[in-house]
Amino acid sequence: MTKAPNDLSAFWMPFTANRQFKSAPRMLVDAEGMYYTAADGRRILDATAGLWCVNAGHKRRKIVSAIKEAAEGLDYAPTFQMGHPKAFELASRVAELLPEGFSQVFFTNSGSESVETALKIAIAWHRANGEPGRYRLIGREKGYHGVNFGGISVGGLGANRKAFGPLLTGVDHLPHTLDLARNAFSRGLPQHGAELADALEDIVTLHDPSTIAALIVEPMAGSAGVILPPVGYLERLREICDKYGILLIFDEVITGFGRLGAPFAAQRFAVTPDIITMAKGLTSGTVPMGAVGVKSFIHDAFMNGPEHMIELFHGYTYSGHPLAAAAGLATLDVYRDEELLTRAARLEKTWEEAIHALRGLPHVIDIRNIGLVGAIELEPMADAPTKRAFSAFLKAFEEGLLIRTTGDIIALSPPLIINEGQIGEIFDILTRVLKGLE
Ligand code: PXG
């Protein structure tokens with residue numbers, strides 16, 4: 001049996017330099033624990049948990065068996081006007097992990113769908129609450145909220161927006177919080193920048209609070225290259241949202257399920273939003289699934305009309321799919337049994353020391369870290385931005401290490417099962433790679 005396809009042209013690959021890839025493919029064929037196996041048989045240490053999702057590590061027996069069992073049982077069941085037990089059980093288990101006050105969970109199939117769902121719930125909630133004029137959505141520069149129209153509208157990455165026309169109307173953005181001049185090489189949260197939250201006051205004044213539905217932010221921005229909230233910043237956003245009756249949405253697609261050392265970033269930062277989006281770690285990447293958690297006051301406002309009426313005209317054919325629900329339940333068991341949702345907190349100091357030891361290597365202009373997340377920002381080549389980090393990515397892969405790059409930033413987010421030896425291995429390889437860069 002051949003393991004490598006012999007024609008690569010039909011698959012239009014997502015977020016990929018297709019021609020570069022197809023001229024020199026990097027194919028993964030198997031995975032176990034902390035490692036992928038490449039098509040040529042080499043073991044590749046996974047320093048990115050796939051795409052920030054394989055939090056429990058690869059091919060975990062318990063999760064694999066649960067998926068197999070589910071496939072042999074209920075293949076599919078609708079959750080529109082019908083139900084199946086595992087979807088309810090998973091919703092309860094997720095609600096238990098969410099911060100105090102969160103009571104309901106709406107299922108989707110991805111982070112992007114979770115974002116659309118959250119934005120729609122926010123606008124519809126204001127309407128149900130007697131304020132239909134609140135429709136504006138506020139995002140933030142450099143924010144990533146998936147790739148659907150709502151998500152790219154509130155998102156703040158120019159490259160993801162510019163080709164796609166006028167996007168949603170009624171959207172505005174806060175400034176981002178990346179500030180190398182004041183905060184480079186901070187360990188954990190940067191000290192400077194809480195005042196950037198006050199820009200929300202200006203936006204509120206500009207548009208009038210009576211028109212604003214929600215603010216959506218990543219508590220820690222992942223895709224833009226790991227941008228941390230300055231000390232006091234998220235608290236300030238929460239205060240301003242409360243002052244003006246604006247719903248606060250945390251997009252926890254990356255930070256959910258233990259990445260920062262607590263089940264959710266909301267708990268790590270002790271700032272509680274009104275709505276939380278999640279995906280990725282919910283099933284440890286094994287079966288596509290996302291979800292949106294809401295506080296009870298949001299859910300309850302919809303439960304008013306006649307009982308035979310649908311309360312929220314929204315949902316997906318695969319919301320709460322039996323295979324995904326089974327994978328989610330088994331994943332949460334693994335997280336609980338192995339205490340993985342707090343493991344990043346226990347490894348944080350080791351991780352921090354190891355990543356900051358790269359300071360002083362050629363081209364390194366900043367290092368950022370929190371939980372089991374790290375970023376190494378490189379000075380861009382004068383004539384070719386992104387090229388230096390991309391060549392680090394290619395070199396690392398040759399050396400048996402999978403990293404992610406965005407712009408000239410290397411991002412690291414290993415599975416939460418990583419041990420200290422493997423942390424050492426990541427940074428030994430990266431040190432060699434960085435020393436060899438042009
Ligand atoms: N919100 C956030 C905060 C995300 O990070 C999404 C929404 C969208 O999720 P889906 O499941 O629709 O892709 C994401 C996804 C990277 C990288 O390398 C990050 C994501 C996806 C792929 C790559 O930083 N985040």
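Which helices and which strand each supply at least two residues of the shell around the ligand? They are helix H2 (49–52), helix H5 (111–128) and strand E14 (404–406), where helices (H or I, at least four residues) and strands (E, at least two) are DSSP runs numbered from the N terminus. The model is a predicted one, in which local features need pLDDT of at least 70, side-chain atom pairs count only at pLDDT 80 or more, and totals for chains, interfaces and linings use all residues. Residues are numbered from 1 along each chain as its sequence is written.

The ligand is a good place to start. It is surrounded by 18 residues, the closest being Ser-110, Gly-111, Ser-112, Gly-146 and Val-253; a residue is near a molecule if its C-beta atom, placed from the backbone, lies within 6 Å of it. H5 gives the most to this shell, with three residues. By class, the shell holds seven nonpolar, eight polar and three charged residues (Ala, Val, Leu, Ile, Met, Phe, Trp, Tyr, Cys and Pro count as nonpolar, Asp, Glu, Lys and Arg as charged, and the others, Gly among them, as polar).

Two domains frame this picture: domain 1 (18–55 + 340–435) and domain 2 (65–337), with bounds from an automatic or database domain assignment. Both give residues to the shell, so the ligand lies between them. Their centres, taken over C-alpha atoms, are 26 Å apart. In domain 1, 32 residues are in contact with 28 residues of domain 2, contact meaning that the C-beta atoms, placed from the backbone, lie within 7 Å. The side of domain 1 that touches domain 2 has 16 nonpolar, nine polar and seven charged residues.

Helix H16 (residues 420–435) comes next. Its 16 residues should span 22 Å at 1.5 Å a residue (1.5 Å times one less than the number of residues), which agrees with the 23 Å between its end C-alpha atoms. Ile-423, Ile-426, Phe-427, Leu-430, Val-433 and Leu-434 of H16 are buried (20 or more other C-beta atoms within 10 Å of a residue's own, against 12 or fewer for exposed and partly exposed in between, with C-beta atoms placed from the backbone). These buried residues cover an arc of only 120 degrees around the axis, which puts them on the same side of H16; the arc is that of the directions from the helix axis to the C-beta atoms. On the other side of H16, Gly-421, Gly-424 and Lys-435 are exposed.

Definitions and conventions:
Two residues are in contact if their C-beta atoms, placed from the backbone, lie within 7 Å.
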